Amino acid sequence: MAAMDNLCDIVIFGGHGDLSFRKLIPALYHLSNGGYLSVLSRVIVVARKEMGREEHLALVREKLIEFLGFDQFDETKFLHFAQQLHIVAVNFDDEHSYRDLKELLDLHPQRERINYLSTAPDFFTIISFMLSRLDLITPHSRVVLEKPIGRDLYSARAINIEVLNYFEENQIYRIDHYLGKDTVQNIMALRFSNRFFMPLWDANNIDHVQITVSESVGVEGRWGYYDQYGAMRDMIQNHLMQLLCLVAMEPPCSLDADSVRDEKVKVLRSLRPMSPADIERHTVRAQYAAGSINGGPVPGYREGEGMQESNTETFAALRVDIDNWRWNGVPFYLRSGKRMRRQYSEIVIQFKGIPHSIFANKGSCISQNKLVISLQPKESIQLKLMNKIPGLSDQMRLQQVDLELNAPLNSARKPDAYERLLLDVIRSNPTLFMRLDEVEAAWKWADVILQGWSENLVPMKSYTAGSEGPSASIQLVAQDGESWHDE
Ligand code: NAP
């Protein structure tokens with residue numbers, strides 16, 4: 001049980017939205033019941049619709065059961081959590097509608113105050129403005145911004161400048177929920193607490209790196225949002241770039257927020273800007289066509305209900321180069337797509353082969369060592385090593401074995417990434433959140449590719465729903481003599 005001193009008010013704008021019900025409220029339920037939130041803390045759900053307390057609690061209960069599952073839901077724990085829940089109706093654009101929220105917050109003006117903007121980015125400015133106008137921003141306030149922060153450098157800057165009119169940079173928590181996953185944080189533990197990896201983590205020893213985020217789901221009723229963004233803006237520019245930074249960054253001088261984020265920014269600034277020729281050769285974009293997932297037919301991206309003509313990619317793959325001493329000549333291959341055969345995310349560090357094999361002529365094939373970091377569906381780390389097959393054969397026969405590097409779980413339940421990140425906001429620890437210059441550096445690099453795509457430097461390919469993506473993605477790595485790690 002944790003300390004009971006995390007006393008705060010957490011205000012969720014967009015509190016009846018999908019993210020809030022799916023992730024934020026379940027995370028707060030667990031934090032509250034785990035003792036990570038003071039019993040006096042309040043969770044203030046801001047919804048557009050007027051709703052009585054009983055009706056609201058019934059809705060939250062129903063959604064908790066839906067998203068936690070019956071095995072995780074506990075009636076007694078819910079009743080405990082319900083005491084902390086409040087609901088207020090606010091229309092973001094209407095100053096008068098903030099009256100009840102103000103009344104509630106003004107009861108505890110000195111309290112730590114977390115404003116979670118679980119809304120489209122179009123509302124970040126107006127909500128911040130209203131909070132400021134109503135004197136609801138104090139030195140103890142923080143604001144959490146959900147992705148996407150803009151759709152290019154220009155719009156990201158505009159959002160940041162607007163929000164910075166009301167909050168200081170150290171009060172702004174730009175969330176990327178991938179950074180809340182234990183296995184993602186474990187990349188730092190693995191790299192910076194094991195001497196074993198230290199001399200191996202560079203261009204002398206690593207052949208290439210692959211980062212894959214593959215989703216079998218489609219746009220799930222969010223076509224209006226997704227079609228404005230696509231795989232590059234929705235996944236690569238943020239989640240995959242953050243993973244790349246953790247793999248590629250230099251050791252920070254400490255674990256404090258700015259030391260870690262300084263090193264990540266250096267990686268982003270070292271990304272080789274793509275020339276038009278690089279965009280043609282090193283990027284792939286594609287849209288899924290009708291196919292089948294888990295044996296059932298699914299329509300193509302442009303064929304579903306409410307969908308229309310679109311030039312938005314649902315799949316992107318790229319070869320990225322990092323121009324610095326450590327990574328000179330080491331390709332980082334990134335890919336992400338919707339309606340793929342499998343739902344999984346992983347990072348594969350492919351080491352170089354041994355300089356000379358004494359086994360090659362004896363019928364043994366030596367596979368290059370790989371470190372496979374799986375982020376979902378299960379979180380695990382495997383080191384693929386060669387080992388002798390036991391036995392009396394006169395030939396030394398080898399096989400690849402997996403060394404599992406997973407930390408033993410000391411609790412039955414693994415906390416969700418949002419639990420970790422919300423707790424970090426409560427504790428004022430911004431290490432796992434993106435700083436302004438990180439967001440901007442990632443957009444600066446991605447904008448060049450998006451511009452090239454808008455000029456049709458790369459044709460839009462097609463892939464069958466339920467496949468591994470377009471064949472152009474296989475060619476992307478094959479032209480360097482590589483293949484995707486697909487197991
Ligand atoms: P959503 O389901 O559309 O929720 C947004 C909420 O904002 C809705 O409940 C909506 O109220 C409310 N709202 C909209 N306009 C309003 C207004 N003028 N006044 C008051 N309330 C208003 O969206 P979401 O999926 O939760 O996503 C929220 C943000 O998180 C988005 O930026 C999204 O990109 C990001 N995100 C979402 C997920 C996810 O899994 N859903 C994952 C990562 C990031 P009504 O219900 O009355 O319309």
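A polar contact here is a pair of N or O atoms within 3.5 Å. Keep that cut-off in mind as we walk through this structure, which is a predicted model.

Let's start at the ligand. A polar side-chain atom of R222 lies 3.4 Å from one of the ligand's oxygen atoms, so the pair falls inside the 3.5 Å limit for a polar contact. R48 also offers a polar side-chain atom, placed 2.8 Å from an oxygen atom of the ligand. With T119 the backbone takes part: one of its N or O atoms lies 2.9 Å from a ligand oxygen atom. On its own the ligand would expose 890 Å², and the protein buries 75% of that.

Now look at the residues around the ligand. There are 20 of them, and D18, L19, R48, F92 and T119 come nearest. R48 and T119, which we have just met through their atoms close to ligand oxygens, are thus both in that nearest group. Sorted by class, this shell holds eight nonpolar, six polar and six charged residues.

From the ligand, turn to strand β7, which spans residues 206-214. Is this strand mostly covered or mostly uncovered? It is mostly covered, since eight of its nine residues are buried, and buried means under 20% relative accessible area. β7 pairs with two other strands that you can trace in the model. Eight bridges connect β7 to β13 (residues 344-351), and these two strands run antiparallel. Within that pairing, H208 stands opposite Q350 of β13. Six bridges connect β7 to β12 (residues 332-337), and here the strands run parallel. One pair to find there is S214 with its bridge partner G337 in β12. As you follow the chain, remember that in a regular strand the side chains alternate between the two faces of the sheet.

A further set of strands is worth a visit. β14 (residues 370-376) and β15 (residues 380-388) form a hairpin, with three residues between them. Five bridges join these two antiparallel strands, and I373 has I381 in β15 as its bridge partner. β15 also pairs with β16 (residues 398-404): seven bridges link them, again in an antiparallel arrangement. There you can find L383 standing opposite L403 of β16.

Two glutamates round off the walk. The first is E468, in the loop between β17 (460-464) and α13 (471-478). Its relative accessibility is 24%, so E468 counts as partly exposed; the cut-off for buried is under 20%. Which residues does E468 touch beyond those up to four places away in sequence? They are F315, R335, M340, R341 and D486. R341 deserves a second look: the side chains of E468 and R341 make a polar contact at 2.7 Å. These two residues are 127 residues apart in sequence, yet their C-alpha atoms are 5.8 Å apart in space.

The second glutamate, E438, is found in helix α12, residues 436-454. Is E438 buried or exposed? E438 is buried, because its relative accessible area is 1%, under the 20% limit. Setting aside neighbours within four places in sequence, E438 is in contact with Q242, R261, K264, V265, L268 and F433.

Definitions and conventions: Residues are numbered from 1 along each chain as its sequence is written. This is a predicted model: local features need pLDDT of at least 70, side-chain atom pairs count only at pLDDT 80 or more; totals for chains, interfaces and linings use all residues. Side-chain values use heavy atoms; hydrogens and water are left out. A residue is near a molecule or strand if one of its heavy atoms lies within 4 Å of it. A polar contact is a pair of N or O atoms within 3.5 Å; within protein, one must be able to donate a hydrogen and the other to accept it, and residues adjacent in sequence count only if both atoms are side-chain atoms. Accessible areas come from the Shrake-Rupley method with a 1.4 Å probe; for residues, only the protein chains shown count as cover. Ala, Val, Leu, Ile, Met, Phe, Trp, Tyr, Cys and Pro count as nonpolar, Asp, Glu, Lys and Arg as charged, and the others, Gly among them, as polar. Helices (H or I, at least four residues) and strands (E, at least two) are DSSP runs, numbered from the N terminus. Buried means under 20% relative accessible area, exposed over 50%, partly exposed in between (1.4 Å probe, protein chains only). Contact means heavy atoms within 4.5 Å. Two strands pair if DSSP finds at least two bridges between them.
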